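Biologist: I would like to learn how to read a model of this kind feature by feature, beginning with the backbone and ending with the packing. Could we take one case at a time?

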Amino acid sequence: MTPSDGSGRGRVVVPARARRALVVGLVAAGLLVADPLSAALADPAPSPPSAGDVADARRAVRDAAASVAQMEVRLAELAAQSDEAHVAVQRAGEDYTQALATADQARASAETARTRSAGADADAEAARQELMALARQLARSGGSIDSLQALLSSDGFADVAERTAQLSRLTGKADETVQNYRAAQLVADTLRLHAEDAATAAAAAQTAAQAALDAAQTAQKTAEEQVAAASVERDGLIAQLAAARQTSAEVERARQDELDRQRRAREEAAAQAARLAPPATPAGSSGGTAATSQPAASPTTAAPTQPDQPSTAAPTTAAPTATASPSPTAPAAPAPKYPLGSGLSRGSADQGVAAVEWAKTQLGKPYVWGAAGPDSYDCSGLTMMSWRNAGLNIPRTSRDQYKYVLKIPYEQLRPGDLVFWTDDVNDADAIYHVAMWAGNGQIIEASQPGVPVRIAPMRWSKTMPYAGRP
């Protein structure tokens, strides 16, 4: 076959084996006397890579490395998004528990108001019966009922005295009976309105609780969808990493799991160091038992001041001169709403141990929003019932529990103490979870839907500045 060489002439293509044979034959025949012909007929030597080839190869390596780095960053983002999805579920659950507790209180208030209103109605009826008896007595004795009507329609006894001379026919008993009737009627009307308002508030609270439950269920569904989507995306990225590194998906998945574990360990170590640092005690703080009088569980080193704790160091300023203008001073930091030492502690160490032991009997029971036993629990339902069974009543919700209990440093934790998690360390109403310290670095908790009551390692990230002692 003679393919064209582009000039219109045919070009003979000699196979390599034939070329080698040809060279050997020519040499043997004495026809090949110089190397040029041999070089022309032999296989061409590979040419070295050009500068452009080297640049392209280096660029490909850099692009691959950048792609791998971007995939690893995205994998870390997906892990954080999954964590936040679970927190969103806990936050929504606590919103529901708080709304449910408010609705329960509103219903109790409405029931109390109805009971008081019914009692006032009974008192008013008794006063009316007494007044009617007095009217019949006056009628039998020839008196006029008009005087009673004057009393009932007037603003007071003095006004009646000015308007009619028939009051002289009424005794002090008549006046007392009329005034009692009017007072009982006024109380009955007032309490009836209060009962109606309380019933309206209870209905509104129940509606709010249902809305909070709907929001919690939506949050759970959204979180499950986000976690599932993140898992699919993570699997795809791991497959790409495996291809880029010429490894297997199993190897890359194990590597990413280890990276996630190391990231969480770093976050936990930093959070633990911050929480175990000796907290600054504000001057004059009080409330409940003084937590700082108890011995520390373990020595700690100095660390930054707690987020919501003002510094106790006195500011220093330069001595003023006659011509110097006064330097502006920074506004004083607001005092924390729930500082160290605030709140009440009425439980003993033995009761704390008893609370933990009772909670252990509930291990494995399911998490249910708003549940406080006996078959299921939410986080604050478990802590409340644990302490109730130890002989001490504490509030129903995690947020109210934090406001109520004695604030103590984490270094003084003992079994039965409470630990709280939040999105905002300066706002107790942002708390979304509570668990009970079980000792040995462990907590016992009802964490979220799908996870039964369990004992777990302490999680330090996102904890409130102080622990709580019931």
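Modeller: Let us begin with a loop, where the useful habit is to place a residue between its flanking elements before looking at its torsions; in this predicted model, Gln246 sits in the loop that links α6 (172-245) to α7 (249-276). Its phi is positive, about 60°, although Gln246 is not a glycine.

Biologist: Is Gln246 buried or exposed?

Modeller: The relative accessible area of Gln246 is 75%, and because the cut-off for exposed is over 50%, Gln246 counts as exposed. A second case is Lys462, which is likewise not a glycine and has a positive phi of about 65°; Lys462 belongs to the loop between β5 (454-457) and β6 (467-469), and with a relative accessible area of 39% it is partly exposed.

Biologist: Which residues does a cis peptide bond join?

Modeller: For this feature one reads omega, and here the cis bond is the one between Gly373 and Pro374, with omega about 0°. Pro374 lies in the loop that runs between α8 and α9, while Gly391, which follows α9, has a positive phi near 100°.

Biologist: At what angle do helix α8 and helix α9 pack?

Modeller: One reads a helix pair from its angle, its axis separation and its handedness, taken together; helix α8 (residues 349-360) and helix α9 (residues 379-389) pack at about 125°, and their axes are 8 Å apart. That angle makes α8 oblique to α9, and the crossing of the two is right-handed. On the α8 side the contact is formed by Gln351, Gly352, Ala355, Trp358 and Ala359, and on the α9 side by Leu382, Met385, Ser386, Trp387 and Asn389. By class, these contact residues comprise six nonpolar, four polar and no charged.

Biologist: How many of the residues of α9 are buried?

Modeller: Nine of the 11 are buried, so α9 is largely enclosed by the rest of the structure; among the buried ones are Cys379, Gly381, Leu382, Met385 and Trp387. For the chain as a whole, 37% of the 470 residues count as buried, and the chain has 10 helices and six strands.

Biologist: Which residues have the most contacts inside the largest nonpolar core?

Modeller: A core is best read through its most connected members, and in the largest one, which has 67 residues, these are Trp387, Tyr402, Tyr410, Leu418, Phe420, Met436 and Met458. Helix α3 (residues 51-140) gives the most to this core, contributing 11 residues. There is also a second, separate core of eight residues, including Val68, Leu75, Ala230 and Leu241.

Biologist: What is Met458 in contact with, leaving aside its neighbours within four places in sequence?

Modeller: Its partners are Glu268, Tyr410, Val419, Trp421, Trp437, Gly441, Gln442, Ile443 and Thr463. Of these, Gln442 can be followed further: Gln442 is in strand β4 (residues 442-445) and is partly exposed, at a relative accessible area of 34%. Apart from residues up to four places away in sequence, Gln442 touches Met436, Trp437, Ile455, Ala456, Pro457 and Met458. The C-alpha atoms of Gln442 and Arg459, which are 17 residues apart along the chain, are separated by 8.7 Å.

Biologist: Among contacts between residues at least 6 apart in sequence, what share join residues at least 24 apart?

Modeller: That share is 70% in the protein chain, a figure to set beside the individual contacts when reading how the fold is held in sequence terms.

Key. Residues numbered from 1 in each chain as written. Predicted model: local features only at pLDDT ≥ 70, side-chain atom pairs only at ≥ 80, totals over all residues. Heavy atoms only, no water. Axes fitted to C-alpha atoms, helices over the stretch in contact; angles between N-to-C directions. Helix = DSSP H or I, 4+ residues; strand = E, 2+ residues; numbered from the N terminus. Parallel < 35°, antiparallel > 145°, perpendicular 65-115°, else oblique. Left-handed = near helix turned anticlockwise from the far one by under 90°. Contact = heavy atoms within 4.5 Å. Nonpolar A, V, L, I, M, F, W, Y, C, P; charged D, E, K, R; others polar. Core = buried A, V, L, I, M, F, W, Y, C linked by side-chain atoms within 4.5 Å. Buried < 20%, exposed > 50% of the residue type's maximum accessible area, 1.4 Å probe, protein only.
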